[in-house]
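User: I am new to this structure and would like a close look at a single part of it. Please keep the account plain and tie the part to its surroundings.

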Amino acid sequence: EEPLPTGGPSWPLPGRTCDVARGDRPGSCCGMAMAGFRTSKYQLPEWHRRNALIYNQAYTVGEESERDLAESKHLSKHAAACAQRAQQYSKSTLTQRLQDIHFWRVELQKEILELDAETNLLAAQKLRLERTLDATEVPYGVVTDNLQCRERRQPPDLVIDEVERQLLKEADLLRNIRDLLKRTIIQATNQIRSNRIQKECCELDWSDKVETYHIDDKCVSYNNDSTNIQAHPSSVKFEENASTPKTWAQFSHDNIYSAEQEKLASVQLRSLITSIIHDVSEDLRIQQAAVNEAFDNHCRELDDAKLQLEQHLQKILKDIGEEEANIVALKQAIRDKETHLKVAQTRLYDRSFRPNIELCKDEPQFRLVSEVEELTVFLEALKRKLMESEQCLKNLEETRMKLEKEIAVKANSIFIDRQKCMTFRIRYPVNLEVASYK
């Protein structure tokens, strides 16, 4: 409330005076004050009225001065209180803003650290994939070498057997594994790039939050006694590109949400990589065991076949010896029979020279003729048998050569499968999953 004006001193008003007759002279004031033009003296009533007017003016001006002084003090107090309240409220809003900035800054920093740690874990998994891919080069080289070595088998044994089918299956499996590992490495590389891009976004947001926190913290420290304050009239206007509290919070929330999504995708990819390495290692181990088993079975079959061939060869060699002895005996028998035939024919020839009546068809003559015919039949039979025996010997020799060739083929196949292939497969890695850590 405005203060009431204080009461002034009470002065008695002048009494009523008699009228003064006006002069007839021109220029007379006739009782009226003419400032600067009057030459006559004032009348006493005029003097009293003038004094009263001055008193009233002074009283009015004094009242206005007192009222203005009271209003000025009140306005000053009110302005000071409002300014203090406004400053305190601004400081409290800045303090609350600092708390909000600190909250998002901590959340962003936490997300940055977690995303960086997850990226490092994913990079380690990518390194495992690369080591696993490198480890597949040895088995792929082994399988390729096995297939090339087995192409050098001789035609009788150059067959598409179970070993070759398993080797081809193993080669296809290794090619599929290598393609899968390469695709997964590319996927891991892209995910690492996405993680780092999102981390960079969070770091930029975090850096802005840190800078803003320092600015607002400095603003909170300002007071009326600060030496580094000055007037900035143009700072009152709002920037056109300024954000709202909602969009400001939503921006950090979106960054954190995107980081969480990338982190979740990275965790899932790491789990997938572990599963892939385990599965391909197990599949390759099973296929390796199947190939080794096929090699063992085939080598046993080759050993059995070679043993049987060798046994047949021994029998054939024995038959050849017996047949050769038989041919020698047949030739000796033929020579013996030819001697007998010569004796009989010589007797007949000599008896054909008997003179006259002595040329008789007697019993000796018939007997000699019969002997010659009989010996001729035996000689023809022996010669046929000799030819058959020689053909049989020839067949035995051909069979011997075939058996020896087959034995050499089986020996070559055994050498390729056992010495070349199976010995080289010793270099086969035991476990790709273990090799991925080396």
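How many disulfides does the structure hold? Please start from there, then look closely at helix α2 and the helices around it.

Analyst: The model is a predicted one, and it holds zero disulfides. Two cysteines illustrate this. Cys-202 is in no disulfide, and the nearest cysteine sulfur, that of Cys-201, is 6.9 Å away. A disulfide needs the two sulfur atoms within 2.5 Å, so 6.9 Å does not qualify. Cys-202 counts as buried, because its relative accessibility is 0%. Cys-421 is likewise in no disulfide; for this residue the nearest cysteine sulfur belongs to Cys-149, at 5.1 Å. Cys-421 has a relative accessible area of 0% and is therefore buried. Cys-149 leads to the part you asked about, since this cysteine is one of the buried residues of α2.

First, the setting. The protein has six helices and zero strands, and from the N terminus on its elements run α-α-α-α-α-α. Of its 438 residues, 27% count as buried. The protein exposes about 30,200 Å², and carbon and sulfur atoms supply 56% of that area. Among contacts with a separation of 6 or more, 88% are accounted for by residues 24 or more positions apart.

Now α2 itself. This helix covers residues 137-150, which makes 14 residues. From its first C-alpha to its last it reaches 20 Å, close to the 20 Å expected at 1.5 Å a residue. The buried residues in α2 are Pro-139, Val-142, Val-143, Asn-146, Leu-147, Cys-149 and Arg-150. Seen down the helix axis, these buried residues fall within an arc of 165°, so they line one face of α2. What covers them includes α1 (44-135), α3 (162-221), α4 (245-351) and α5.

Each of these covering helices can be taken up through a few residues. For α5, the helix runs over residues 363-424 and has 62 residues. At 1.5 Å a residue it should span 92 Å, and its end C-alpha atoms are 87 Å apart, which agrees. At the start of α5, a side-chain oxygen of Asp-362 comes to within 3.0 Å of the backbone nitrogen of Gln-365. Cys-421, described above as buried, has a number that falls within the range of α5.

Helix α4 contains Lys-263. With a relative accessibility of 14%, Lys-263 counts as buried, because the cut-off for buried is under 20%. The side chains of Lys-263 and Glu-111 are joined by a polar contact of 3.4 Å. Leaving aside residues up to four places away in sequence, Lys-263 touches Glu-111, Glu-114, Leu-115 and Glu-118. These four residues have numbers within the range given for α1.

Val-291 also lies in α4. Its relative accessible area is 0%, so Val-291 is buried. Not counting residues up to four places away in sequence, Val-291 touches Gln-166, Leu-167, Glu-170 and Arg-425. The C-alpha atoms of Val-291 and Val-163 are separated by 6.3 Å, although the two residues are 128 residues apart along the chain.

A third residue of α4 is Ala-265. At 28% relative accessibility, Ala-265 counts as partly exposed. Ala-265 and Asn-195 are 70 residues apart in sequence, and their C-alpha atoms are 9.4 Å apart in space.

Helix α1 contains Asn-120, which counts as partly exposed at 45% relative accessibility. From C-alpha to C-alpha, Asn-120 and Ile-192 are 8.7 Å apart, with their positions 72 residues apart in sequence.

One loop residue can be set beside the helical ones. Asn-356 has its place in the loop between α4 and α5. Phi of Asn-356 is near 45°, a positive value in a residue other than glycine. Asn-356 is exposed, with a relative accessible area of 73%.

To return to the part requested: the buried residues of α2 line one face of that helix, and their cover includes α1, α3, α4 and α5. Cys-149 is among those buried residues, and its sulfur is the nearest cysteine sulfur to that of Cys-421, at 5.1 Å.

How values were computed. Residues numbered from 1 in each chain as written. Predicted model: local features only at pLDDT ≥ 70, side-chain atom pairs only at ≥ 80, totals over all residues. Heavy atoms only, no water. Helix = DSSP H or I, 4+ residues; strand = E, 2+ residues; numbered from the N terminus. Buried < 20%, exposed > 50% of the residue type's maximum accessible area, 1.4 Å probe, protein only. Contact = heavy atoms within 4.5 Å. Areas by Shrake-Rupley, 256 points an atom, 1.4 Å probe, with all protein chains shown as cover. Expected span 1.5 Å × (residues − 1). Polar contact = N/O pair within 3.5 Å; in protein donor to acceptor, adjacent residues only side chain to side chain. Arc of directions from axis to C-beta.
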